[in-house]
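User: I'd like to practise reading a structure feature by feature. Could you walk me through one?

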Amino acid sequence: MTSSPFSRRGFLQSTALASLASSLPAAQAATANLPTTTAPVTDTVLRWLDGQAPARFEGATFGVPWPRGQLRSAAQALDFKLANQPLQSWPLAYWPDGSLKWTAHALAGGVPAGALKLETGKPAAGGLTVRQTAAQIVVTAGDLVWTVPTRGEALIAEATRAGRVTLKNLRLVALRQDGVDPELDGKVDRQSFTSRVTAVTVEQQGPVRAVLKLDGTHSGNGRDWLPFSVRLYFYTGAESVRIVHTFVWDGDPAKDFIAGLGVTAQVTMTNATHDRHVRFSGEGVGVWGEAVRPVTGLRRDPGQPYKDAQVAGQALPPLAGMAKAVQDGLKWIPEWSDFSLSQANADGFTLSKRTQPGQAWIAANGGSRSKGLVYAGGASGGVALGFKDFWQRAPVRLDVRGAASELADVTAWLYSPSAPAMDMRSYRSPGDMDTHEKQIEGLNITYEDYEPGWDSSVGVARTSELQLWVLAATPSHQAFSDMAEQVANPARPVLAPQRLHAAGVFGDWDPVDTRTPARQLIEERLAVQLDQYVREVEQHRWYGFWNYGDVMHTYDVDRHMWRYDIGGYAWDNSELSTDLWLWMSYLRTGRADVFKLAEAMTRHTGEVDVYHLGELKGFGTRHGVQHWSDSSKQPRISNAAYRRIYFYLTADERCGDLIRELLDSDADIAKVDISRKLARTAAPPETPGLPGVGFGTTWGSWIAAWLTEWERTGDARLRNKLVNGMQSIGDMKRRWFAGGAPYDARTGKFAGPGDSVSISHLNGVFGVIEISSELLTLVDVPAYRRAWLEYCRYYNAPKNEVAALLGKDPGGRSLTDTCSRMTAYAAFQEKDRALALRAWREFFASRALRGGGVARRVGGVDVMRPLTEQPSISTNDSAQWGLAGIQNLALIGDSLDEAAHAAGLVRP
């Protein structure tokens, strides 16, 4: 058992603060020419993401940004209150001057009364406690006591409610199959595995929130595999524990087929079977609820009070008041012991039950989409277990086993044993393209960079979010429905775009503004594109265990389908900053549907599209038919710029893990050839011992992780790597136009004269524009500032101007409309209105504002189901045009009307 630096009272400890303090003199020296303060904010009022207060609230954590210089000490992070609700606060990130940039706040369970206004002052008392010994950790929240062993199979050994042991032996389970499911005949063997916890870390303990991190493997049959990391989140005022479950796939794709992956717990069943109940969430607010031994629907009526009590989940009145014929006949009513809700796909579930193993299953009900919550227990208490994105992650299943016995099992199957076993093999046969020549031909026709052996799934991960309740009684249908809503759509306090923007975080953006016709035109177009992607997830069923959260790359208008089966046109895998587009769009709109789309993408792309162990750890996979099938492995996909906004908005620890995994990935760049086959002749120059690294696609993908960690901890080593890279680029003869150079991972410096010119349209489309904009407000590196402004001014410049700067126009420039935001940045920084008008002309060249992207309805026999399509839609274009629109509005919005009138887009 270990304790993290955040464990004591949930606040940063002296080691982290000392690290920050040691870096401040250097940091302040590097920001001497930058503004030291931003206008303070006076009101911090939160709202609920979905627009209204939830019926049930189990606690939540959120981040709040502060203008530079407003909160001068870490101690000020502790002095907050909210709506007379217990609140726990701690520092999350710092400005270079040591003032607080982000604070994190844990709000207790129980729906707050009144406005969600965050104010300075002493919060209401919490009361959550954590007691540690070598053998176990005990967390107490009100009358709930959770016991977590530090070793062994169980994640939670037991949980008591008001002294009654209600839950036992919460464990992880996995099923392995030695082959794919036979298509017609044949057989396969299955093996079962259970969790083996090897380490427990108390990451945070405070009066409102405690976080325990459990690491281990799935163990059994002489084997340990499928490493996991599980976090348990406890909140005062809550009746539940939140579980964030991550596992890494480390099997042999040719031999290991996961036939089931789940979380299971035992429930003590002490009531008579007619007072034991099972609940499943159905469609919408619907609930299916029955007793283990039902007394409704009998040939002999027991009386309405008995039926009403059982339907409500309450203990029956004394049986002496029941008609004797019914009393005597109760023993003949079957006891239903096993129940199962199986969501085979995103469009349908079935519900069945049986009396005991070995007997037939009876169909009970069915529907389209369940919210993913199950309960088993009795009038004296029970357990509810569910998980987020239930039907979206299908095939999934919820089980109750042994409800008629003394200990029932409740299991949430994150991957259902009812489904075909998980197949992690490549979709391609290695013999298809066994020579370089064939691979080049294939790349030219399918846009897929394929090479045998570089399409492995080993090392990808998946994170799931569960909620586990220990209840004092069977919940009513209404209460259970409210719980299911909390599982499917966790209540989340958020800040309005105006308050986020006032803090000066995340670079160049502003809240939605439609006050002029030109702004309204662009805002409407931005909204149309967001609407289309929200719609596409549903109408093209982008669901499934490994797929949910990603979107496709390019549309095939002839088939009215996205190109799901055509090489590099299939799954997007963060290509050209789709994640960043969605998060920047959320910041400025506050739209709940955009937040949820971006959140699902963050949970997917940071886990599934990135390797978390082995020689490819820290690298992501380029877009392809499978999320790991393209042989091009690159840092631009694992890019922390795509995760950090979610991290700061939510203080999500797993997202923080993903960012920290990347801190030293630059040291591995020499081990992996990250260049695509057709681009290898244009790879950055290298020297003996120093690999060639591109400024935009590679270095620009690393710096977001370093920046985030420096903000979080004040780590001077990472600040120095940032500054060294910036300075060495600025010192080169061709500066940013060199494109790349030999790179020393020990220092973060580029080497060589940088006297050649290499321009690629990809250099600016993987977050480096946005991160550079932030960096240049945090560290003052004049040489880099000049280099970046030069690149921004000239990338889209007329050929003669480029030739005057570089000696000739080397070509390689494209994406004029989306790179207009670089022109806009230079115009804003240099206060050049003529350059701003040029930026708008570049932006207006996009077809998006001149009839492109118009949606149409398609139905009948041409499609599987009616849909709304944009015939020319491309995720590359959507993401980059959206980011350009957002940044241009923020930087040069004051010249928009003039430019739009001149272009004929709006009337004067």
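Analyst: We'll go from overall shape to cores, helices, backbone oddities and cysteines. Keep in mind that this is a predicted model.

User: Let's start with the whole chain. What radius of gyration would a compact globule with 908 residues have, and what does the protein have?

Analyst: The general idea is to set the protein beside a rule for globules. With 908 residues, a compact globule would come out near 29 Å, and the protein has 29 Å, so the two agree. Along the principal axes, the C-alpha trace spans about 105 × 65 × 60 Å. In secondary structure, you have 21 helices and 37 strands to find your way around.

User: How much of the protein counts as buried, and what share of the contacts comes from residues 24 or more positions apart?

Analyst: Of the 908 residues, 62% count as buried. Residues 24 or more positions apart make up 69% of the contacts with a separation of 6 or more. As for the outside, the protein exposes about 32500 Å², and carbon and sulfur atoms supply 52% of that area.

User: Now the inside. Which residues have the most contacts within the largest nonpolar core?

Analyst: W699 and W788 do, in a core of 244 residues. Helix α13 (residues 695-713) gives this core its largest share, 9 residues. Apart from it lies another core of 9 residues, including L373, W469, M483 and A484.

User: What is W788 in contact with, leaving aside its neighbours within four places in sequence?

Analyst: Its partners are W736, V768, I769, S772, L776, M822 and Y825.

User: On to helices. How do the buried residues of α2 sit around the helix axis?

Analyst: The trick is to list the buried residues, then look down the axis. In α2 (residues 304-312), the buried ones are Y306, K307, A309 and Q310. They fall within an arc of 165 degrees, so they line one face of the helix. Strands β18 (276-281) and β19 (287-291) are among the elements that cover them. Right after the helix comes G313, with a positive phi near 85 degrees.

User: And which residues of α4 are buried, and which exposed ones sit on the face turned away from them?

Analyst: In α4 (residues 436-446), the buried set is Q439, I440, G442, L443 and T446. Seen down the axis, these also fall within an arc of 165 degrees, so they line one face of α4. The face turned away from that buried side carries the exposed residues E437, E441, N444 and I445. The residue that follows α4 is Y447, and its phi is positive, near 65 degrees.

User: What should I expect of phi and of peptide bonds in general?

Analyst: Most residues other than glycine have a negative phi, and most peptide bonds are trans. Exceptions are worth a look. One is the peptide bond from A394 to P395, which is cis, with omega near 15 degrees. P395 is placed in the loop between β24 (381-387) and β25 (396-401). D389 lies in the loop between β24 and β25 too, and its phi is positive, near 60 degrees.

User: Is D389 buried or exposed?

Analyst: D389 is buried, with a relative accessible area of 12%; the cut-off for buried is under 20%. Now try L576, a residue other than glycine with a positive phi, near 55 degrees. You'll find L576 in the loop between β30 (561-562) and α8 (578-589). At 5% relative accessibility, L576 counts as buried.

User: Last feature: how many disulfides does a search of the whole structure find?

Analyst: A disulfide is a covalent bond between the sulfur atoms of two cysteines, so you check sulfur distances. The search here finds 0 disulfides. Take C792: its closest cysteine sulfur is in C819, 9.4 Å away, which is too far for a bond. C792 is buried, with a relative accessible area of 0%, and C655 is buried at 1%.

User: Can we finish with V45: where does it lie, and what does it touch?

Analyst: V45 lies in strand β2 (residues 45-48) and counts as partly exposed, at 42% relative accessibility. Leaving aside its neighbours within four places in sequence, V45 is in contact with L116, K117 and L495. For a sense of scale, the C-alpha atoms of V45 and G431 are separated by 60 Å, with these positions 386 residues apart along the chain.

Technical notes: Residues numbered from 1 in each chain as written. Predicted model: local features only at pLDDT ≥ 70, side-chain atom pairs only at ≥ 80, totals over all residues. Heavy atoms only, no water. Disulfide = S-S within 2.5 Å. Buried < 20%, exposed > 50% of the residue type's maximum accessible area, 1.4 Å probe, protein only. Core = buried A, V, L, I, M, F, W, Y, C linked by side-chain atoms within 4.5 Å. Helix = DSSP H or I, 4+ residues; strand = E, 2+ residues; numbered from the N terminus. Contact = heavy atoms within 4.5 Å. Arc of directions from axis to C-beta. Rg over C-alpha atoms; globule rule 2.2 N^0.38 Å. Areas by Shrake-Rupley, 256 points an atom, 1.4 Å probe, with all protein chains shown as cover.
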